Amino acid sequence: LVVDEVNAKGGVLGKKVEILKEDDQCKPEVAANVAAKLVADKAVVVIGHICSGATKAALNPYKEAKIITISPSATNVELTKSGEYPNFFRTISPDDAQAKLQVDFALDKLKVRRVAVIHDKGDYGKGLAEFAKGFFEARGVKPVLFEGITPGAVDYSAIVMKIKAAKADLVLYGGYHPEAAKIVMGMRNKKMKTLLISDDGVKDDTFIKVAGKKAEGVYATGPIDTTKNPLAVAAIEQHKKTFGSDPGAFYLNAYAAAICVVQAIEKAKSTDFNAVSKALRTNWFNTPLGKISFDKNGDAKGIGFSVYQVKNGKYAEVK
């Protein structure tokens, strides 16, 4: 949608923007192949990838080819903190910020003390869970269970029974919505009242569709609600008008990423890697997420996370 608007106004630096669409299926091995293809196709900028593991697998080919990569959703901390990927930017806060918010909310607002920390063994889920475990322990709360599960399993009754045996008041889950839905459904089928808090990989309407009424009361962190921002209102209406549906998760983050990249190229008056990198770090961009810029590591300045809860079949921001 951003590219359509840009091209309607004549494009960037006198040239139309062409989109090269690829799907990494959230799999690192596929992402590496996608990266090789986009490098061969002479991509100037990559908006993506979506999942942290897949993003990490794609970043080295882009770095070697000096291609700026800007993700709307890859939150793994090492992607920016390590300094290994000077080509990487993102329009979402990293996992340590998300995990700290989850832990503080669990202890200060929900007042729980017996917590189980579960993850899907992936870069994103395990990374977030390890941060959460560290934050819990720093506040004197040792998790009663810390364990990884195998993604894609038919059922998670074994981990549900471990959670029950550990008498956990709350499960903090690091991972994505398919597994989270099965875990919460398993707990509710066992009449367990254990609370569940998860991440932006679960703050997705698909989680609610799969878990149904058993999703009620589940907490998840996600990007701060900026849907009242005039640019966000316009972007959401644009999606509804064009596609006949509400946008999905990370839509506004991706929209913002596209705006930032296009404007950075315009300000740099070039697609040169160093010039565009400098433009991203030295300018502020007006986006549906608000005014944002990027620090030396590539993390966005001016954004953050909120806690949401499923109420009456929808995620609502917890004030």
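Good morning. I begin with strand β4, which is mostly covered: five of its five residues are buried. On one side stand V115, V117 and H119, on the other A116 and I118, and both faces are covered. In general, the side chains of a regular strand alternate between the two faces of the sheet. I should say at once that this is a predicted model.

What does β4 pair with? With β6 it pairs in the parallel sense, over five bridges. Within that pairing, H119 stands opposite G174 of β6. With β5, β4 also runs parallel, and here four bridges join the two strands. The bridge partner of A116 in β5 is L145.

Let me now place β4 in its sheet. Seven strands make up an open sheet with mixed pairing, and their order is β5-β4-β6-β7-β8-β12-β13. The edges are held by β5, residues 145–148, and β13, residues 314–317; each has a single partner strand, so one side of each is left without a neighbour in the sheet. From one strand to the next, the twist averages 25 degrees.

The antiparallel case that I wish to show is the pairing of β8, residues 219–223, with β12, residues 305–311, which are joined by five bridges. There, G222 has S306 of β12 as its bridge partner. As a general reminder, strands of a sheet pair through backbone hydrogen bonds, either parallel or antiparallel.

I turn to the helices beside the sheet. Helix α6, residues 123–138, lies across β4, β5 and β6, and runs at about 160 degrees to β4.

Helix α8 covers residues 177–189, and its length can be checked. At 1.5 Å a residue, its 13 residues should span 18 Å; the end C-alpha atoms are 18 Å apart, which agrees. Which residues of α8 are buried? They are H177, E179, A180, A181, I183, V184, G186 and M187. These buried residues pack against α7 (157–165), β6, β7 (195–198) and α9 (205–211). After α8 comes K191, with a positive phi near 65 degrees.

Next, the nonpolar cores. In soluble globular proteins, nonpolar side chains tend to be buried together. The largest nonpolar core here has 30 residues, and those that touch the most other members are L252, L280 and F294. At least two residues of this core come from each of α1, β2 (68–71), α10 (230–243), α11 (251–268), α12 (273–282) and β10 (290–294). The helix that gives the most is α11, with 12 residues.

F294 deserves a closer look. Setting aside neighbours within four places in sequence, F294 is in contact with I70, F89, R90, T91, C260, L280, R281, F285, D299, A300 and K301. One of these contacts, C260, is buried, with a relative accessible area of 0%.

Apart from the core that includes F294 lies another, of 28 residues. Among its members are A116, L196, V202 and I208. A116 is the β4 residue whose bridge partner in β5 is L145.

Finally, I come to the cysteines. How many disulfides does the structure hold? It holds one. The disulfide is formed by C26 and C51, whose sulfur atoms are 1.9 Å apart. The angle about the S-S bond is -110 degrees, and the link is left-handed. C26 lies in the loop between α1 (2–8) and α2 (28–40), and C51 in the loop between β1 (45–47) and α3 (52–64), so the pair ties together parts that are 25 residues apart in sequence.

Is each of these two cysteines buried or exposed? C26 is partly exposed, at a relative accessible area of 33%. C51 is buried, at 9%.

The loop between α1 and α2 also holds D24. With 9% relative accessibility, D24 counts as buried, because the cut-off for that term is under 20%. Leaving out neighbours within four places in sequence, D24 is in contact with V30, A31, V34, H49 and A54. D24 and I50 are 26 residues apart in sequence, while their C-alpha atoms are 8.7 Å apart in space.

To close, I return to two points. The strand with which I began, β4, has five of its five residues buried. The loop between α1 and α2 contributes C26 to the disulfide with C51. Thank you for your attention.

Notes. Residues numbered from 1 in each chain as written. Predicted model: local features only at pLDDT ≥ 70, side-chain atom pairs only at ≥ 80, totals over all residues. Heavy atoms only, no water. Pairing = 2+ DSSP bridges. Axes fitted to C-alpha atoms, helices over the stretch in contact; angles between N-to-C directions. Contact = heavy atoms within 4.5 Å. Expected span 1.5 Å × (residues − 1). Buried < 20%, exposed > 50% of the residue type's maximum accessible area, 1.4 Å probe, protein only. Disulfide = S-S within 2.5 Å. Core = buried A, V, L, I, M, F, W, Y, C linked by side-chain atoms within 4.5 Å.
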